[in-house]
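This report describes how selected helices pack against one another and how a few individual residues are placed. Please read it alongside the sequence and the coordinates, which follow.

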Amino acid sequence: MTEDSSNQKIAVLLSELAVLLEIAGVPFKPQVYERAAHSIEAFGQDLNDVYNREGIKGLRSIEGVGEGIALKIEEFLKTGRIADFEKLAKKYPPGVSKLTRIEGIGPHTAKQLYDELGIKS
């Protein structure tokens with residue numbers, strides 16, 4: 001995997017996890033995951049290399065990445081997946097989080113469209 005692909009995949013997963021957490025009504029965490037995703041997108045080194053050299057400590061040195069997110073990055077680097085993301089993603093149809101890509105629709109509105117009108121994509 002190249003730097004761009006692994007870093008980009010992890011950043012996208014963390015951003016999507018942030019949206020799903022917000023749709024689920026979880027306070028605080030969505031902003032933390034979004035901040036970490038932005039830091040990883042802008043990070044100038046391959047996360048695989050950082051992890052291989054420095055382990056969790058190296059991942060935690062990235063701005064906005066705490067212990068919990070570092071463990072999720074480690075899980076992705078080792079397995080290619082993040083179980084918490086997959087578990088939460090199963091609660092909502094895939095299109096619900098994609099609704100937030102429409103200008104003016106945030107996670108709260110996307111959940112409302114899904115809950116009240118059954119709109120899934």
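In which helix is the place of S39? The model discussed here is a predicted one, and in it S39 has its place in helix α2.

**S39 and its surroundings**

With a relative accessible area of 16%, S39 is buried, since buried here means under 20%. A polar atom of the S39 side chain lies 2.7 Å from the backbone oxygen of E63. When the neighbours of S39 within four places in sequence are left aside, the residues in contact with S39 are I62, E63 and G64, so that E63 appears both in this list of contacts and as the owner of the backbone oxygen that faces the serine side chain at 2.7 Å.

**Packing against helix α4**

Two packed helices are described by the angle between their axes and by the distance between those axes, and both quantities are available here for two pairs that involve α4. Helix α2, which spans residues 29–42, and helix α4, which spans residues 67–79, have axes that come within 11 Å and cross at roughly 55 degrees. That angle makes α2 oblique to α4, and the crossing of these two helices is right-handed. On the α2 side the contact is made by V32, Y33, A36 and I40, and on the α4 side by I69, K72 and I73. Sorted by character, the residues of this contact comprise six nonpolar, no polar and one charged.

The second pair joins helix α3, residues 47–60, to α4, with the axes 10 Å apart and an angle of about 155 degrees between them. Angles over 145 degrees count as roughly antiparallel, and α3 and α4 are therefore roughly antiparallel to each other; their crossing is left-handed. From α3 the residues L47, N48, Y51, I56, L59 and R60 meet E67, A70, L71, I73, E74, L77 and K78 of α4. The residues of this contact divide into eight nonpolar, one polar and four charged. I73 of α4 is listed in the contact with α2 and also among the residues that meet α3.

**Individual residues elsewhere**

The accessibilities of four further residues are collected below, with the relative value and the resulting class for each.

| Residue | Relative accessibility | Class |
|---|---|---|
| S6 | 0% | buried |
| E75 | 24% | partly exposed |
| L117 | 61% | exposed |
| F28 | 62% | exposed |

S6 lies in helix α1, and its side chain makes a polar contact with the side chain of D46 at 3.4 Å. The serine of this contact is buried, at 0% relative accessibility.

What is the sign of phi at F28? Most residues other than glycine have a negative phi, whereas the phi of F28 is near 70 degrees, a positive value in a residue other than glycine. F28 has its place in the loop between α1, residues 3–23, and α2, and at 62% relative accessibility F28 counts as exposed.

E75 lies in helix α4, and at 24% relative accessibility it counts as partly exposed. Leaving aside the neighbours of E75 within four places in sequence, the residues in contact with it are G80, R81, I82 and A83. E75 and F85 are ten residues apart in sequence, and their C-alpha atoms are 11 Å apart in space.

L117 is found in helix α7, which covers residues 107–117, and at 61% relative accessibility L117 counts as exposed. L117 and E16 are separated by 101 residues in sequence, with a C-alpha to C-alpha distance of 22 Å.

Key: Residues numbered from 1 in each chain as written. Predicted model: local features only at pLDDT ≥ 70, side-chain atom pairs only at ≥ 80, totals over all residues. Heavy atoms only, no water. Axes fitted to C-alpha atoms, helices over the stretch in contact; angles between N-to-C directions. Helix = DSSP H or I, 4+ residues; strand = E, 2+ residues; numbered from the N terminus. Parallel < 35°, antiparallel > 145°, perpendicular 65-115°, else oblique. Left-handed = near helix turned anticlockwise from the far one by under 90°. Contact = heavy atoms within 4.5 Å. Nonpolar A, V, L, I, M, F, W, Y, C, P; charged D, E, K, R; others polar. Buried < 20%, exposed > 50% of the residue type's maximum accessible area, 1.4 Å probe, protein only. Polar contact = N/O pair within 3.5 Å; in protein donor to acceptor, adjacent residues only side chain to side chain.
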